[in-house]
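Me: Could you take a close look at the cysteines in this one, and then walk me through the surroundings they lead to?

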Amino acid sequence: MYFPPQPAPLRVHCQPLHLSLFVSLLSLLCLQKSSVLCIGEEQPKNWFTELQVLKGHFDIVRFLVQIDDFRCASAGDDGLVLVWNVETGERLQELRGHSQQITAITTFTCNNGATSHTSLLTASSDRSLSLWDPDTGNRVQTISDLQSSVKCLLVLERLCVWVSGGEELCVWNKDFQLQCQTQNHSDTGITALIELPKNCIAAAVDKEMVIYRLTVSTDSSMSVAEIRRLSNHQDRIRALINVNDGLFASGSHAGELILWDAIDWNILGYEHILWEESQACTQAEIRLAAPKPSEMSIQHLTTNGRHILAAVGSGLYVYSILTKTVVAYRKVAHDSNVLHTMLLSESELISCSEDGSVRMWEIQDLPLPGEPASPGFFGMWSFGRSNKQAGVPSKKVTDVPNIRTLELTGDLIGHSGAVQMFVSFRENGLVTCSTDHLLILWKNGERQSHLRSLALFHKLEENGGL
């Protein structure tokens, strides 16, 4: 296998690097970006003031998965799975076995009485599935020569089985034995899976949501059957998430956000982000102003159970589950498509983008009348809150009552390529991965300085230096 030469945008591995060293770089980048998104050197609400660059991959790093409070695994196009200690930045294990890129990765925890052990499940373009022990680095189980590549994985811990999705849906037990499967005739195959109540599974298949039910017989054998197809989206489903035990949500390439009842699969909320063209524009100007498909596409969804945060093109969109309304919005949050998001609290969130940036945001009230509003928040977007059949006219952003804005509070500069995703370890830091083949471990500089001082104090105390 050919490994392209690894770029070296930062020659840092074990030594932490402080944010102040990036000030000149940040200023340079800000000259090329919208001035409203440049917060300069002073970022009092950004606690990620120290970083550590983690090297080991030889190609694009697309996936991160948290193993426990102190470890994560990374995987990507080089077929490698690397296990890291997020406290020290140490590479703990290197899992080799796949000959092509990793297409899906997840953790698999199976409880055996009083004990439980977390393993890693991986799928690859080489049409194989593997089970790994992250403690030893050993490949415990593997299946090869599948009919097609697996695009997504879902673990059903209660049943101690896991599900793979691609051209078909397959159910496997912990010993990698195939329990049952169902054929799927769509060209795109299954791209996302979530667990629903009553042994049901929702699968995203192009524009449709397919509901499957697992049945466990008295002899412990399993069967799977399709019981419903939901065809409410107008375009391909790009994101699918559980909200809580009774709700789930889906987002489409056409900017549709649908909130579903997880029991009877009825629509409880429908939000469509529309492009609104100026009536004063000429036909040529309207054609030029028309958005690219990616500008309306919902790339990612995340939730804290009370709000849903959607990555819509290069913007961010916060939706209240209680009121089923938009509560905050930023049309231009990044220079390119937003790829991953997370709600840190009720008022704080974080996002990463194809433009190589990781940004922190705070939900704030809109400026008072007469005060300048932030450019980029108001734009040619509008919201519609009806289902497709009702045809209720959409509203302009400025007409939506009680809507708030997202203000930039932190800009993490470090990657030289698109940031694919991140995993938060709360006080232990944030891990990001990128097309530049690197991982970056972002840490609270004040906390790290305090921990180093304590460690030095204890060392001196042990050596009788005090």
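Reply: Disulfides first: this is a predicted model, and it holds zero of them. A disulfide is a covalent bond between the sulfur atoms of two cysteines. Take C180 as an example: its closest cysteine sulfur belongs to C170 and sits 8.6 Å away, too far for a bond, given that the cut-off is 2.5 Å. C180 is also buried, with a relative accessible area of 10%. C200 is another buried cysteine, at 2% relative accessibility.

So where does C180 sit? Start with the largest nonpolar core, which has 19 residues. Within that core, the residues with the most contacts are A249, L257, L259, L301, I308 and Y317. Strands supply it: strand 19 (237–244), strand 20 (247–252), strand 21 (256–261), strand 23 (298–303), strand 24 (307–312), strand 25 (315–320) and strand 26 (325–330) each give two or more residues. C180 belongs to another core, apart from that one, with 18 residues that include L156, I190 and A203 as well.

Back in the 19-residue core, L259 is a good residue to click on. Leaving out residues up to four places away in sequence, L259 touches V243, L247, F248 and A249, then N266, I267, L268 and G269, and also I308, Y319, I321 and K324. Two of those partners, A249 and I308, are themselves on the list of residues with the most contacts inside the core.

One more cysteine turns up further along the chain, as a neighbour of H415. Not counting residues within four places in sequence, H415 is in contact with C433, along with G356, T432, S434, D436, L438, L439 and I440. H415 lies in the loop between strand 32 (404–412) and strand 33 (419–424), yet this loop residue is buried, with a relative accessible area of 10%. Its side chain makes polar contacts with two of those neighbours: one with the side chain of T432 at 2.7 Å, the other with the side chain of D436 at 3.0 Å.

Carry on along the sequence and you reach helix 4 (residues 445–462). N444 caps its N-terminal end, with a side-chain oxygen 3.1 Å from the backbone nitrogen of E446. The helix length checks out too: at 1.5 Å a residue, its 18 residues should span 26 Å, and the end C-alpha atoms are 26 Å apart, so the two agree. After helix 4 comes G464, with a positive phi near 75 degrees.

Terms used
Residues are numbered from 1 along each chain as its sequence is written. This is a predicted model: local features need pLDDT of at least 70, side-chain atom pairs count only at pLDDT 80 or more; totals for chains, interfaces and linings use all residues. Side-chain values use heavy atoms; hydrogens and water are left out. Helices (H or I, at least four residues) and strands (E, at least two) are DSSP runs, numbered from the N terminus. The expected span of a helix is 1.5 Å times one less than its number of residues. A polar contact is a pair of N or O atoms within 3.5 Å; within protein, one must be able to donate a hydrogen and the other to accept it, and residues adjacent in sequence count only if both atoms are side-chain atoms. Buried means under 20% relative accessible area, exposed over 50%, partly exposed in between (1.4 Å probe, protein chains only). Contact means heavy atoms within 4.5 Å. A nonpolar core is a set of buried Ala, Val, Leu, Ile, Met, Phe, Trp, Tyr and Cys residues joined through side-chain atoms within 4.5 Å.
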